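Thanks for coming. I will take you through one model today, a few places at a time, and I will keep it short.

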Amino acid sequence: MKGLLTYSGIATKVRAMSGKFLSDRDFYEMASLETVPQAVEFLKKQPSYGEIFLGMDEADMHRRQLEAHLFSAHYNDFAKLYRFSNQTLRRFLDLYFMRYETKLLKRCLHNLTSQTQSGPDLLDLSGFFPFFTRHSHIDWTKIMSASSVEEILTGLEGSVYCEPLRTLSSNGAHDLSEYEIQLDLVYMKIIWKEKDKLLNKKDREILTESYGCQIDMQNLIWIYRFKKYYHLEPYQIVPLLIPSSYRLKREEISALVHTENQDTFFALLDKTYYASWAKQLHLESHSNLESLSEAILDQVHTLNSRRNPYSIAALNSYLYKKEQEIQRIITVTEGIRYGIGTQEILQLIHIMM
């Protein structure tokens, strides 16, 4: 009964907003278009995205602008849910908010490396800047106008991101991916620690499964990438991993880190908890770790929201699915940009028509 009273209002709000998700048919229509401007015009007609692209000239919109506007769409939904939530639910949303901070920081870093101008190309915060700055303790005006990593670090003084990034900079890090990984590490470490201080037992169990699977899969992907593309030694890999695990045992992680080749890596992976998920989902665990991760997390969020409609799963699953929808839109528009056929695009976003 307590869960029903706490979540009945937000569950109704989430159901209404979920009705605006793009359907498989919508993605098919979008993937069938010939140009990116046509795709943006299509998005303008969708309830969830029309306001975001209002007044924009789709003919001149490049990838960074498109992604920035889609970021705004996700954040606007978060803001709507925040305003609708009670104080209990806002404790979770305040924690989730770090996801937007890390995404925006990554964009600012990208802005430096690509040597483009900050401002509208990066993200137009004008529509919700008061709300964003009220929930963030970072000097975004300084960071978004920064022309160097050092200026970004100055703007981050006093935040949880400053010291980890400053340590990277002091160690001579130049690769953008190093900063991105560190930002993800900070976010996942904090949310994994703070989740146990939130809400009731059932909600904590839901968040533990959701973020636990995410942490495990992220560590698997990182181990694989560090070994295959960067040829790092085990002692170099371990500090770059999230120092927590859910279904992966510590000895399994250690064994995976110390594998000498891909065959051994996937042979060990096939003995872990996530191999059973791969079989249930009819996926090969060693065909594509990113696809496996997405499929597992999709299933976790779907089952949680179905089994526990009046719980934190209502908020957590909606925000996850919105983020996944936006990533699909980006994949579709990039497929159109590079002339990939409709069916191949649909395969990339795991839609069968």
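**Around Arg 99**

Leaving out neighbours within four places in sequence, the contacts of Arg 99 are Tyr 187, Gln 214 and Glu 323. Before I go on, please keep in mind that this is a predicted model. Arg 99 sits in helix α6, which covers residues 98-114. Is this arginine, Arg 99, buried or exposed? Arg 99 is buried, because its relative accessible area is 18%, and the cut-off for buried is under 20%.

Now take one of those partners, Tyr 187. Tyr 187 belongs to helix α11. With a relative accessibility of 2%, Tyr 187 counts as buried. Which residues does Tyr 187 touch, if we skip those up to four places away in sequence? They are Leu 95, Tyr 96, Met 98, Arg 99, Thr 102 and Tyr 211. Take Leu 95 from that list. Leu 95 and Tyr 187 are 92 residues apart in sequence, and their C-alpha atoms are 9.2 Å apart in space.

**The loop between α11 and α12**

Next, the loop that runs between α11 (176-194) and α12, where we find Leu 199. What is the sign of phi at Leu 199? Phi of Leu 199 is positive, near 60 degrees, and this residue is not a glycine. As background, most residues other than glycine have a negative phi. Leu 199 counts as buried, at 16% relative accessibility.

Asn 200 is in the loop between α11 and α12 as well. Asn 200 counts as partly exposed, at 33% relative accessibility. From C-alpha to C-alpha, Asn 200 and Thr 88 are 9.9 Å apart in space, with their positions 112 residues apart in sequence.

His 231 is another residue with a positive phi that is not a glycine, here about 55 degrees. His 231 is located in the loop between α12 and α13. Is His 231 buried or exposed? His 231 counts as exposed, because its relative accessibility is 60% and the cut-off for exposed is over 50%.

**Leu 248 and helix α15**

Moving along the chain, Leu 248 lies in the loop between α13 (234-237) and α14. Leu 248 is buried, and its relative accessible area is 3%. What is Leu 248 in contact with, leaving aside neighbours within four places in sequence? The residues are Asp 216, Leu 220, Ile 253, Thr 272 and Tyr 274. For a pair that is far apart, take Leu 248 and Lys 142: 106 residues apart in sequence, and 41 Å apart in space from C-alpha to C-alpha.

Helix α15 spans residues 262-269, and its buried residues are Phe 265, Phe 266 and Leu 269. Why do I say that these line one face of the helix? Looking down the axis of α15, the buried residues fall within an arc of 90 degrees, so they line one face. Which elements cover them? The cover includes α12 (201-228), α14 (250-257), α16 (273-280) and α17.

**The second largest pocket**

α17 comes up again in the second largest pocket, where seven residues of the lining, the largest share, come from this helix. The volume of the second largest pocket is about 580 Å³. The elements that give two or more residues to its lining are α2 (24-31), α17 (289-307) and α18 (313-337).

How many residues line the second largest pocket? There are 21, and Glu 294, Ala 295, Asp 298, Arg 328 and His 350 lie nearest its centre. By class, the lining has eight nonpolar, seven polar and six charged residues.

**Cysteines**

Last topic. How many disulfides does a search of the whole structure find? The search finds zero. Cys 162 is in no disulfide, and the nearest cysteine sulfur, that of Cys 108, is 15 Å away. For a disulfide, the two sulfur atoms would have to be within 2.5 Å. Cys 162 counts as buried, at 2% relative accessibility. Cys 213 also counts as buried, with a relative accessibility of 0%.

That is what I had. I am happy to go back to any of these places on the screen.

Key. Residues numbered from 1 in each chain as written. Predicted model: local features only at pLDDT ≥ 70, side-chain atom pairs only at ≥ 80, totals over all residues. Heavy atoms only, no water. 1 Å grid on protein atoms, 1.4 Å probe; cavity = no way out; pocket = protein on both sides within 12 Å on 5 of 7 lines; lining within 4 Å. Points joined across faces, edges and corners; volume = space filled by probe spheres on them. Helix = DSSP H or I, 4+ residues; strand = E, 2+ residues; numbered from the N terminus. Nonpolar A, V, L, I, M, F, W, Y, C, P; charged D, E, K, R; others polar. Buried < 20%, exposed > 50% of the residue type's maximum accessible area, 1.4 Å probe, protein only. Contact = heavy atoms within 4.5 Å. Arc of directions from axis to C-beta.
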